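Hi,

Here is the structure I said I would pass on. Have a look at it first, and then read my notes below.

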Amino acid sequence: MGNEAPVRLYIFDADGTLRRTTVEGLPCPNRPGEWELIPGVRERLGRIDWGEARFGVASNQGGVGVGYLSLAAARRLLEDMVVEAFGVRDPPPGSIELCPHAPHLGCPCRKPQPLMLKRLMRRFDAEPDETLFVGDMDKDEGAARAAGTRFMWAHEFFGRRE
Ligand SMILES: [Mg+2]
Ligand SMILES: [Zn+2]
């Protein structure tokens, strides 16, 4: 990362970045038992010095808005993911941002809108150039651009084949 500022806040997308479903054809889990961490995630996250940095998650959960799962269920699934991925007992307060709105409502939080990233930066007192967002879709890259943060594709960050 050369001369860039050290990363003080890592923000991760969830689906396709930290977790994947175990059900053929299902893009996002709707209940426990339908997901797993993507191999290598926990190991890669374990190599980050969390003494110097914080983390957050920013996830579009349009399934809530269209009725596939409740907001509470979506949040709980993301909490379980954070516990497994980061090896914490509980997700740090305020570390999970999710957009529960249906995709075509035009809400201000659904990526590529930057609101979830901005909330996390404000909450954890990080400037955009100290913030790295890691995601797997164009709307993730768009949200990073709109929020002014740095961005890495998940396959690069985690050293996966594309
Ligand atoms: Mg994704
Ligand atoms: Zn939203």
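How many bridges join strand β4 to β5, and do the two run parallel or antiparallel? There are 4 bridges between β4 (residues 54-60) and β5, and the strands run parallel. One pairing to look up is Asn-60, whose bridge partner in β5 is Cys-99. Before you go further, keep in mind that this is a predicted model.

Stay with β5 for a moment, which spans residues 96-99. In a regular strand, side chains alternate between the two faces of the sheet. Here both faces are covered: Ile-96 and Leu-98 are buried on one side, and Glu-97 and Cys-99 are buried on the other.

Next, helix α4, at residues 115-123. Its buried residues are Met-116, Leu-117, Leu-120 and Met-121. Looking down the axis of α4, you will find these buried residues within an arc of 135°, so they line one face of the helix. As for what lies over them, the cover includes β5 again, along with β1, β4, β6 and α5. Just after α4 comes Asp-125, which has a positive phi, near 55°.

Now the metal site. Which protein residues act as donors to the magnesium ion (ligand 1)? They are Asp-13 and Asp-136, each through OD, and Asp-15 through O, at 2.0 to 2.1 Å from the ion. Along the chain, the donors follow the spacing D-x1-D-x120-D. Asp-13 sits in the loop between β1 (9-12) and β2 (19-21), while Asp-136 is in the loop between β6 (131-135) and α5 (138-147), so this pair ties together parts that are 123 residues apart in sequence.

Are those two aspartates buried or partly exposed? Asp-13 has a relative accessibility of 6%, so it counts as buried. Asp-136 comes out at 30%, which means it counts as partly exposed.

Last, the cysteines. The disulfide count is 0. Cys-28, for example, is in no disulfide: the nearest cysteine sulfur belongs to Cys-99 and is 12 Å away. Cys-28 counts as partly exposed because its relative accessibility is 25%. Cys-109, by contrast, is at 6% and counts as buried.

If you want a place to begin on screen, try the magnesium ion with its donors Asp-13, Asp-15 and Asp-136, and then turn to the parallel pair β4 and β5.

Cheers

How values were computed. Residues numbered from 1 in each chain as written. Chains lettered and ligands numbered in written order. Predicted model: local features only at pLDDT ≥ 70, side-chain atom pairs only at ≥ 80, totals over all residues. Heavy atoms only, no water. Donors = N, O, S within 2.8 Å, 3.2 Å for Na, K, Ca; no water. Buried < 20%, exposed > 50% of the residue type's maximum accessible area, 1.4 Å probe, protein only. Pairing = 2+ DSSP bridges. Arc of directions from axis to C-beta. Contact = heavy atoms within 4.5 Å. Disulfide = S-S within 2.5 Å.
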